[in-house]
Amino acid sequence: MITRRLALGAAGALAVLPVRPRPAAAQGAPQAGARPAPLDIAKFDRPGEGSVNSFILAGERSCVILDCQRTRVEARHVVSLARGTGLPVEAIFLSHEHPDHIAGLETVAAAFPDAPILAGATTRDWIAANRAQLIPFLKSVLGPAAPDSVPLPTRVVRPGEVLTLADSEWRVDQIGPCEAGGMTLLHNERHDTLFAADLFDNRFTPWLVDGTTGAWIAEIERNLPRYGDVGTALVGHGAAGPARPMMQDTLGYLRFFREAVRRELPAPGNASGAVPAEGRARIRAALAERYPGYPQVVPLPTLLDMNVDAVARELRG
Ligand SMILES: [Zn+2]
């Protein structure tokens with residue numbers, strides 16, 4: 001169960017990350033005299049277990065909100081942060097379908113009713129198919145901090161599309177399945193910045209319950225040559241930073257977790273097929289030693305067991 005304290009949280013953490021554009025000469029095809037428009041990025045996250053990031057991209061004339069938090073309370077902090085820029089909110093963008101990124105959308109969209117809600121097709125379709133069941137579930141775990149609805153995205157963004165957001169250009173990349181059924185990334189080459197969402201995280205215990213760790217590993221491997229040198233990766237969980245060490249850490253965690261579960265799988269023919277209690281204890285100890293202090297992406301005390309069960313099912317095929 002998500003406790004009320006964990007679900008509601010106590011404090012917001014705000015950090016402003018100035019993003020320095022790379023010198024034009026380093027980008028291959030400099031245009032004489034062309035300078036990228038200034039871009040500032042602010043991050044909101046409620047610290048602790050279940051911490052998740054939203055970002056405000058602030059340009060010269062407008063700003064954009066990336067992801068909307070899990071609860072109304074957290075979403076109101078995102079609204080305040082966007083208002084604090086003094087700029088009109090030109091769009092709200094959703095990276096993927098998981099509730100910690102979309103459940104606050106109702107609050108954010110109500111505060112900025114003229115802003116289009118942008119999302120990839122997988123996110124839009126998931127919300128359309130699942131939002132009726134999602135609300136009672138969120139109410140049961142989050143209580144009054146849960147939303148009454150999840151609005152539908154109003155504009156589906158397409159892979160390869162170039163969007164002008166906060167006065168600069170962002171290329172849409174649609175990937176997945178990986179951590180979720182789909183993941184929509186935004187890459188800004190001029191500012192050497194990638195909104196990576198949950199393709200990788202910064203030293204968090206991830207959500208493996210979608211049961212697609214094999215596909216997830218393949219997506220990170222496929223994207224390492226493309227995004228490994230990015231200087232500022234905006235991740236869904238943890239601090240922003242250079243992409244490569246975070247990609248390699250998430251990759252290592254996923255491989256380590258799969259091997260740890262593989263060693264503890266019961267022999268074929270075992271009736272339940274579930275990893276026994278002693279095996280779970282060994283997996284837990286191995287993770288605590290190799291990845292100490294990694295907070296969880298969701299504040300569920302049962303997350304590790306859910307991850308073990310999901311990966312065991314995935315490995316058994
Ligand atoms: Zn997440």
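1. Gly143 sits in the loop that runs between helix H5 (121-142) and strand S7 (155-156). The model is a predicted one. With a relative accessible area of 25%, Gly143 is partly exposed, since that class covers values between 20% and 50%. Gly143 and Thr71 are separated by 72 residues in sequence, yet their C-alpha atoms are 9.6 Å apart in space.

2. On the chain as a whole: the secondary structure consists of nine helices and twelve strands. The chain has 317 residues, and 53% of them count as buried. Among contacts with a separation of 6 or more, 69% are made by residues 24 or more positions apart. The exposed area is about 13,400 Å², and 55% of this area comes from carbon and sulfur atoms.

3. Which residues supply the protein donors of the zinc ion? They are Asp100 (OD), His101 (NE2), Asp198 (OD) and His237 (NE2), at 2.1 to 2.6 Å from the ion. Along the chain the donors follow the spacing D-H-x96-D-x38-H. Asp100 and His101 are both buried.

4. Why is the arrangement around the zinc ion irregular? The four donor atoms subtend angles of 88 to 167°. A tetrahedral label would need all angles to lie between 85 and 135 degrees, and the upper end of the range, 167°, does not meet this, so the tetrahedral label does not apply. Water is not among the atoms, so the site may look incomplete; the geometry should be read with that in mind.

5. The largest nonpolar core contains 57 residues. Leu57, Leu186, Phe200, Phe257 and Val261 have the most contacts inside this core. Helix H7 (residues 243-264) gives the most to the core, contributing ten residues. Apart from neighbours within four places in sequence, Phe257 contacts Leu208, Leu287, Leu304, Asn307, Val308 and Val311. There is also a second, separate core, made up of 34 residues, with Ile56, Ile65, Val78 and Val108 among them.

6. Seven aromatic pairs are found in the whole structure. In one of them, Tyr253 and Tyr291 are tilted, with 4.8 Å from centre to centre and 50° between the planes. Tyr253 belongs to helix H7, while Tyr291 is in the loop between helix H8 (277-290) and helix H9 (303-316), so this pair ties together parts that lie 38 residues apart in sequence. Tyr291 also pairs with Tyr294: the ring centres are 5.3 Å apart and the planes are at 65°, which means that this pair is edge-to-face.

7. Are the three tyrosines of these pairs, Tyr253, Tyr291 and Tyr294, buried or exposed? Tyr253 is buried, at 3% relative accessibility. Tyr291 is buried as well, at 8%, and Tyr294 is buried with a relative accessible area of 10%. Together with Phe256 and Phe257, these tyrosines form one aromatic cluster. Phe257 thus appears both in this cluster and among the residues with the most contacts inside the largest nonpolar core.

8. Leu118 lies in strand S6 (residues 117-119) and is buried, with a relative accessible area of 4%. Ile92 is 26 residues away from Leu118 in sequence, but the C-alpha atoms of the two are 6.0 Å apart. Beyond its neighbours within four places in sequence, Leu118 has contacts with Ala91, Ile92, Phe93, Leu94, Arg155, Val157, Leu163 and Leu165.

9. Some backbone features deserve a check. The peptide bond joining Gly176 and Pro177 is cis, with omega about 0°. Pro177 is in the loop between strand S9 (168-175) and strand S10 (183-188).

10. Where are the residues Gln69 and Asp192 found? Gln69 is in the loop between strand S4 (63-66) and helix H2 (72-84), and Asp192 is in the loop between S10 and strand S11 (193-197). Gln69 is not a glycine, but its phi is positive, at about 70°. Asp192, also a residue other than glycine, has a positive phi near 50°. Gln69 is buried, with a relative accessible area of 1%, and Asp192 is buried with 13%.

How values were computed
Residues numbered from 1 in each chain as written. Predicted model: local features only at pLDDT ≥ 70, side-chain atom pairs only at ≥ 80, totals over all residues. Heavy atoms only, no water. Donors = N, O, S within 2.8 Å, 3.2 Å for Na, K, Ca; no water. Tetrahedral: all angles 85-135°; square planar, octahedral: opposite > 155°, others 65-115°. Buried < 20%, exposed > 50% of the residue type's maximum accessible area, 1.4 Å probe, protein only. Core = buried A, V, L, I, M, F, W, Y, C linked by side-chain atoms within 4.5 Å. Helix = DSSP H or I, 4+ residues; strand = E, 2+ residues; numbered from the N terminus. Contact = heavy atoms within 4.5 Å. Areas by Shrake-Rupley, 256 points an atom, 1.4 Å probe, with all protein chains shown as cover. Phe/Tyr/Trp six-rings, centres within 6.5 Å; stacked < 30°, edge-to-face > 60°.
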